Amino acid sequence: MSRPVLAPRFTAIDETRALAIFSMIIMHFGPGAFQRLPALQPLAEPILFLGRFATTTFVIVFGVTIGFVYFDRFRGPDRHLVLEATHARARLLVLCALLICVPDYINLWLASDFNLSHWLFKTYSIFNYYALALLSVPLWLRALAPTPVRNALMLGVAHWALAWLWLMAWPLDPALGFQEYLRLNLLSGPYAYLQLSGSAIMAIPVGIALRHAVRARQEVNFVHRLLPLALLLSLAGWLLGVATGEFSLHNIVLGAIKAPPRVWYWLFFGGAALLLLIGFILLGLKLGAREKKLTYPIALFGQASLPIYTAHTFVLPLLNWLDRLVVVEGVARIILPFSVFAIYCAVVMDYYHRKTLRSQAKASAAASG
């Protein structure tokens, strides 16, 4: 398993992020595929259920990454580098957030729909959350020191509590004006800033502990401590979801219970995200150098999550625009866009592979110098 002493990335985190991308692909492309493959319809709900791991896994991995990469550096002489990195990443997320609006804006234009409210709400996406969250990271890191576990728990719960109270006091605007757009981004949407931030903050100590475990080569001890917590979170989420009457395969796949975010939902899937991370850590410890080459593409896929996510939003709109020239139906309608998307993913992964090789070469040169 790659160690931060040699490289700035930790393989298990990238691999867990890759599974979140696979989950997102299942959720976004799966329904259309099942419509065109009716023989597989009985498998639709179980498979689409896997697609609901995407958002929670991304956010939990985001929190773990903050703790793993930034916490110690923020408390040391590299604080300015952390600030520069988070601000640069936030700017990139804003750019990507605008970029993924393009297909919807083209569709609105083609439909001669120039309602400003429609154009405004088409800018809503998970990227809005990440841009705001990255700008908040320095504030979170200041608040967590010097007792990150206690402070993360208090701050994370406070975010969820504030969201619950504020949501009751901020009624829905039927006119869907700018106030409702703010409410959507902060409280009521599937990517609500307060609730998702609360979950990400509570995952930061996991990343801090993982960083220390990797440095001390105590990953197995880390897994033994994290495993009961992950299981407990998922069990608590399931019990709470059953108690509220909302936990069911159909409800989860339908997505109606994603907004506003539910505590039980995030407990259940958050615990599952930690279990995925644990699994990849153990896998990395078990595999030899030759076997790790087989899992390396998964890590690359996780590293490339941002450009892959951004590009995937163009796949279905491009297919629909193609219908204006030639209509592709049947299995070909599934194979064509996936083939183009797969080629794009391969190119992006190759870019990150070359980037990794350059980083390793610089690290080796610095170590030998």
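These legends describe close-up views of a predicted model.

**View 1. Confidence along the protein chain.**
The protein chain has a mean pLDDT of 91. Of its residues, 96% reach 70 or more. Residues 1-7 have pLDDT below 50. Beyond near neighbours in sequence, this stretch makes 17 contacts in the model. Where pLDDT is low, predicted coordinates should not be read in detail.

**View 2. Helices α10 and α11 where they meet.**
Helix α10 covers residues 193-216, and helix α11 covers residues 219-244. Their axes come within 8 Å. They cross at roughly 155 degrees. Angles over 145 degrees count as roughly antiparallel, so α10 is roughly antiparallel to α11. From α10, the contact uses Val206, Ala209, Leu210, Ala213 and Val214. From α11, Glu219, Phe222 and Leu226 take part. By class, this contact of α10 with α11 has seven nonpolar residues, one charged residue and no polar ones.

**View 3. The centre of the second largest pocket.**
This pocket, the second largest, holds about 780 Å³ of space. Its lining counts 34 residues. Nearest its centre lie His28, Tyr124, Ser125, Tyr191 and Tyr309. Look for these five names first when tracing the pocket.

**View 4. The helices around the second largest pocket.**
Several elements give two or more residues each to the lining of the second largest pocket. They are α1 (11-36), α3 (54-75), α5 (102-110), α9 (178-188) and α15 (305-322). The largest share comes from α15, with five residues. By class, the lining of this pocket divides into 20 nonpolar, 10 polar and four charged residues.

**View 5. The cavity found in the search.**
A search of the whole structure finds one cavity of 30 Å³ or more. The largest cavity has a volume of about 40 Å³. Thr55, Thr56, Pro190, Lys258, Pro261, Tyr265 and Trp266 form its lining. Helices α3 and α13 (263-286) each supply at least two of the lining residues. By class, the lining of the largest cavity has four nonpolar, two polar and one charged residues. Helix α3 also gives two or more residues to the lining of the second largest pocket.

Note on methods:
Residues are numbered from 1 along each chain as its sequence is written. This is a predicted model: local features need pLDDT of at least 70, side-chain atom pairs count only at pLDDT 80 or more; totals for chains, interfaces and linings use all residues. Side-chain values use heavy atoms; hydrogens and water are left out. Axes are lines fitted to C-alpha atoms, for helices over the stretch in contact, and angles run from 0 to 180 degrees between N-to-C directions. Helices (H or I, at least four residues) and strands (E, at least two) are DSSP runs, numbered from the N terminus. Angles under 35 degrees count as roughly parallel, over 145 as roughly antiparallel, 65 to 115 as roughly perpendicular and the rest as oblique. Contact means heavy atoms within 4.5 Å. Ala, Val, Leu, Ile, Met, Phe, Trp, Tyr, Cys and Pro count as nonpolar, Asp, Glu, Lys and Arg as charged, and the others, Gly among them, as polar. On a 1 Å grid over the protein atoms alone, a cavity is a set of points where a 1.4 Å probe fits but cannot get out, and a pocket is an open set with protein on both sides within 12 Å along at least five of seven lines; lining residues have an atom within 4 Å of a point. Grid points are joined across faces, edges and corners, and a volume is the space filled by probe spheres set on the points. pLDDT is the predictor's confidence in each residue, from 0 to 100.
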